[in-house]
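Let's take a walk through a protein chain together. We'll look at how some of its strands pair up, and then at a pair of cysteines.

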Amino acid sequence: MHTPRTLLVVSLLSSIWGCSSISLEPQEPPVREVKSIDGQSEGEVTGTAAPGSRFAQLRIGMEAQSVRKRIGEADAMYSHDTGKRWIPFYFGSDARRIITHYKGEGCLTFTGGTVWGGGNNQLIRIDNDPSGRCYQP
């Protein structure tokens, strides 16, 4: 026999599980589009860098070498081909992406260069995510 208290708990749990607006999955932070340093391109930024942090010194459009000189080497890194890699006669610098992780700060995404390895590896995304969830190789 079910007590009124058991029925109340079951009823509450049913209403929570049946509601589509409640999600137990981690929510993606809002993405802001930001102009590059020279105003020629746009990039993306999530979260806000802590004042005085390494990421507070960065701007979309910076080259990877300049980023390393300013904030040091990343703790981890991986790269992958983009869909542009397979476009015939694509000569842009976004055929690959390089994602770096800085512990306690977040992730940086750079263009990875042309199909033939050239390019200047520009910063196109800054994920201010001290938890490190942004880094998923």
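Before we start, one handy bit of vocabulary: a residue counts as buried when its relative accessible area is under 20%, exposed when it is over 50%, and partly exposed in between. Keep in mind, too, that this is a predicted model.

Let's begin with the strands. Find E1, residues 31-35, and E2, residues 42-46: they run antiparallel and are joined by 5 bridges. In this pairing, Lys35 sits opposite Glu42 of E2. Together E1 and E2 make a hairpin, with 6 residues between them. Look in the turn for Gly39, which has a positive phi of about 75°.

E2 has another partner as well. It pairs with strand E6, residues 123-128, in the parallel sense, this time over 3 bridges. If you want a spot to look for, Val45 stands opposite Ile126 in E6.

Now for the cysteines. A disulfide is a covalent bond between the sulfur atoms of two cysteines. The count here comes to 1 disulfide, formed by Cys107 and Cys134, with their sulfur atoms 2.1 Å apart. This pair links distant parts of the chain: Cys107 lies in strand E5 (residues 106-111), while Cys134 is in the segment after E6, 27 residues apart. The torsion about their S-S bond is about 85°, so the disulfide is right-handed.

Are these two cysteines buried or partly exposed? Cys107 has a relative accessible area of 1%, so it is buried. Cys134 comes out at 22%, so it counts as partly exposed.

Definitions and conventions
Residues are numbered from 1 along each chain as its sequence is written. This is a predicted model: local features need pLDDT of at least 70, side-chain atom pairs count only at pLDDT 80 or more; totals for chains, interfaces and linings use all residues. Side-chain values use heavy atoms; hydrogens and water are left out. Two strands pair if DSSP finds at least two bridges between them. Helices (H or I, at least four residues) and strands (E, at least two) are DSSP runs, numbered from the N terminus. A disulfide is a pair of cysteine sulfur atoms within 2.5 Å. Buried means under 20% relative accessible area, exposed over 50%, partly exposed in between (1.4 Å probe, protein chains only).
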